[in-house]
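I'm keeping a notebook on this one and writing down each thing as I look it up. Here is the entry for today.

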Amino acid sequence: MEIGNQMYELSNGLIDKILNNSVLNTDDLKQVYETIRTPIAKYSLAETHFMLGEYDDAKSVLALIPNQFNFSKAE
C-alpha cells in the first residue's frame with residue numbers, strides 16, 4: 001500500500017474517532033486538519049474555526065489555501 005493511501009486511511013480513521021466521540025474534542029480535530037496537507041483538510045479546518053466562532057482564524061486559513069496548493073484554472 002502506498003504511503004499516501006496509508007496516511008489517508010489513518011487520518012480518516014482518526015477524524016471518524018474524534019467526530020464519533022460523545023464529547024467533541026475540537027482541539028484534536030483542529031490538530032489533525034492542521035497536520036493533513038490536502039485542500040479538503042484546510043477547508044475543514046476553516047469550517048471548524050468558523051463553527052467555534054474563531055472567525056479571524058477561519059479567514060486566515062482560507063486566505064492561505066491558494067498559496068499552499070497548485071490549483072488548475074478550473075479549480
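How many residues does α3 have, and how far does α3 reach from its first C-alpha to its last? I looked this up before anything else, keeping in mind that I'm working with a predicted model. The helix α3 has 13 residues and reaches 18 Å, close to the 18 Å expected at 1.5 Å a residue.

**The whole chain**

Next I stepped back from α3. I found four helices and zero strands in the chain. Reading along the sequence, I get the pattern α-α-α-α. The chain has 75 residues, and 27% of them count as buried. I also looked up the accessible surface, which comes to about 5900 Å². Carbon and sulfur atoms own 53% of that surface. For contacts with a separation of 6 or more, I noted that 22% are between residues 24 or more positions apart.

**Back to α3**

Which residues of α3 are buried? My list reads A41, K42, S44, L45, A46, T48 and H49. I then asked what these buried residues pack against, and found α2 (26–35) and α4 (55–68). Just past the helix, I wrote down that α3 is followed by G53. The phi of G53 is positive, near 80 degrees.

I picked H49 in helix α3 for a closer look. Is H49 buried or exposed? H49 counts as buried, because its relative accessibility is 6% and the cut-off for buried is under 20%. I left aside the neighbours of H49 within four places in sequence and listed what else H49 is in contact with: K30, E54, D57, A58 and V61.

I also tried a pair involving A46. S60 and A46 are 14 residues apart in sequence, yet I get 8.2 Å between them in space, C-alpha to C-alpha. S60 lies in helix α4, and S60 is partly exposed at 43% relative accessible area.

**Salt bridges**

K30 turned up in the contacts of H49, which got me looking at charged side chains. How many salt bridges are there? The count comes to two.

In one of them, the side chains of K30 and D27 meet, at 4.0 Å from N to O. Why are K30 and D27 about one helical turn apart? Because they are three residues apart in helix α2. I compared how covered the partners are: K30 is buried, with a relative accessible area of 12%, while D27 is exposed, at 52%.

Then there is the bridge between the side chains of E54 and K30, at 3.2 Å from N to O. This pair links distant parts of the chain, with E54 in the loop between α3 and α4 and K30 in helix α2, 24 residues apart. I have E54 down as partly exposed, with a relative accessible area of 25%. Putting the bridges together, I see D27, K30 and E54 linked in a network.

**Aromatic rings**

How many aromatic pairs does a search of the whole structure find? It finds two. The rings of F50 and Y55 have their centres 5.1 Å apart and their planes at 65 degrees, so I call this pair edge-to-face. I checked F50 for cover too: at 54% relative accessibility, F50 counts as exposed.

F69 and F71 form a pair as well, with 5.9 Å centre to centre and 55 degrees between the planes. That pair goes into my notes as tilted. Is F69 buried or exposed? F69 is buried, with a relative accessible area of 17%, whereas its partner F71 is partly exposed, at 35%.

**A surface patch**

F71 shows up again in my last lookup. Which residues join F71 in a nonpolar patch on the surface? They are I40, Y43 and L62, and together with F71 they have about 390 Å² of accessible area. I looked into Y43 a little further. Y43 lies in helix α3, which covers residues 39–51. Y43 is partly exposed, with a relative accessible area of 42%. So Y43 clears the cut-off for joining a patch, which is over 30% relative accessible area.

Technical notes. Residues numbered from 1 in each chain as written. Predicted model: local features only at pLDDT ≥ 70, side-chain atom pairs only at ≥ 80, totals over all residues. Heavy atoms only, no water. Patch = residues over 30% accessible without salt bridge, like charges linked within 9 Å, V, L, I, M, F, W, Y side chains within 5 Å. Areas by Shrake-Rupley, 256 points an atom, 1.4 Å probe, with all protein chains shown as cover. Helix = DSSP H or I, 4+ residues; strand = E, 2+ residues; numbered from the N terminus. Buried < 20%, exposed > 50% of the residue type's maximum accessible area, 1.4 Å probe, protein only. Contact = heavy atoms within 4.5 Å. Expected span 1.5 Å × (residues − 1). Phe/Tyr/Trp six-rings, centres within 6.5 Å; stacked < 30°, edge-to-face > 60°.
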